Amino acid sequence: MIELKGIKKSFGSLEVLKGIDLHIDKGEVVSIVGPSGAGKTTLLQIMGTLDKPDAGTVVVDGIDVSRMGEKKLSEFRNRHVGFVFQFHQLLPEFSAIENIMIPAFIAGRSPKESKQRAMELLEFMGLADRAHHKPNELSGGEKQRVAVARALVNNPAVILADEPSGSLDTKNKEELHQLFFDLRDKFGQTFVIVTHDEQLASITDRTIHMKDGRIGDGNESSVEKLTS
Ligand SMILES: Nc1ncnc2c1ncn2[C@@H]1O[C@H](COP(=O)(O)OP(=O)(O)OP(=O)(O)O)[C@@H](O)[C@H]1O
Ligand SMILES: [Mg+2]
């Protein structure tokens, strides 16, 4: 599903990723953990083609995106990758259902089809009655679920989430995490989730430990494990 080989990335003289090899299978829910500045977001952005590595190859959904141009890449992202960020990043002037429909329009689907798909997703999220509310009329947990629905609208191969529950309280956090596993169980949805939440990391299929731009086996964080 995702295959990274020899990924390196520097910002100026700062070497952020020092050679990352990673394989993620379809239907896996993988967490990425590690201290602040370890390179987690940078890695996720490269996986999602939002940023380019200095060296190495990125294959997503069987397609080598390493040498694709910007126009092709934005088309590729729209169809193959869903993003969920810490802060929902919904468009404030549009309702929940409109926010979900936008990526479907961009992919060339008809308004009718887009609306139907968006409504299906809202129903799945238990948010059908919030469809016509704007983001500032939704709770934090509701906004994040709408953001997940938006990420799902074009049936992406993978959803990449960067601290998706970082701004939620315990109850909303647990509901969001449960939603990820429901989507995996029902639709085989693949997830890669960067998180500082140990509880979430502990229930994912696999946890990738990042430190100083490298992937470790997690042994170096044995203290973290003992306390979790
Ligand atoms: N566009 C950029 N230009 C320069 N430096 C950057 C850029 N993006 C990230 N960095 C630096 O690269 C390093 C890794 O950043 P990254 O955002 O990947 O860390 P992270 O593991 O996601 O951390 P956090 O847990 O705090 O989100 C940091 O030192 C950061 O300051
Ligand atoms: Mg980050």
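A crossing of two helices is left-handed if the near helix is turned anticlockwise from the far one by less than a right angle, and right-handed if clockwise. Helices here are DSSP runs of H or I with at least four residues, strands are runs of E with at least two, and both are numbered from the N terminus.

You're working with a predicted model, where local features need pLDDT of at least 70 and side-chain atom pairs count only at pLDDT 80 or more, while totals for chains, interfaces and linings use all residues. Residues are numbered from 1 along each chain as its sequence is written, chains are lettered from A and ligands numbered from 1 in the order in which they are written, and side-chain values use heavy atoms, with hydrogens and water left out.

**Exercise 1. Describe how α5 packs on α6.**

Step 1: Find helix α5 at residues 140–152 and helix α6 at residues 170–187; their axes are 9 Å apart, at an angle of about 20 degrees. Axes are lines fitted to C-alpha atoms, for helices over the stretch in contact, and angles run from 0 to 180 degrees between N-to-C directions.

Step 2: Name the arrangement. That angle makes α5 roughly parallel to α6, a label for angles under 35 degrees (over 145 is roughly antiparallel, 65 to 115 roughly perpendicular, the rest oblique).

Step 3: Give the handedness: α5 and α6 cross in a right-handed way.

Step 4: List the touching residues. From α5 come G141, Q144, R145, V148 and L152, and from α6 come N172, E175, L176, L179, F180 and L183. Contact means heavy atoms within 4.5 Å.

**Exercise 2. Do the same for α3 and α4.**

Step 1: Helix α3 (residues 96–106) meets helix α4 (residues 111–124) at an angle of about 130 degrees, and their axes are 9 Å apart. So α3 is oblique to α4.

Step 2: Check the handedness: α3 crosses α4 in a right-handed manner.

Step 3: Pick out the contact residues. On the α3 side, they are I97, I100, M101, A104 and F105; α4 brings P111, S114, K115, A118, M119, L121 and L122.

**Exercise 3. Find which residues come nearest to ligand 1.**

Step 1: Of the 13 residues around ligand 1, the nearest are S36, G37, K40, T41 and T42. A residue counts as near if one of its heavy atoms lies within 4 Å.

Step 2: Look at the side chains. An N or O atom in the S36 side chain is 2.5 Å from an oxygen atom of ligand 1. For K40, a polar side-chain atom sits 2.7 Å from a ligand 1 oxygen atom.

Note on methods
Polar contact = N/O pair within 3.5 Å; in protein donor to acceptor, adjacent residues only side chain to side chain.
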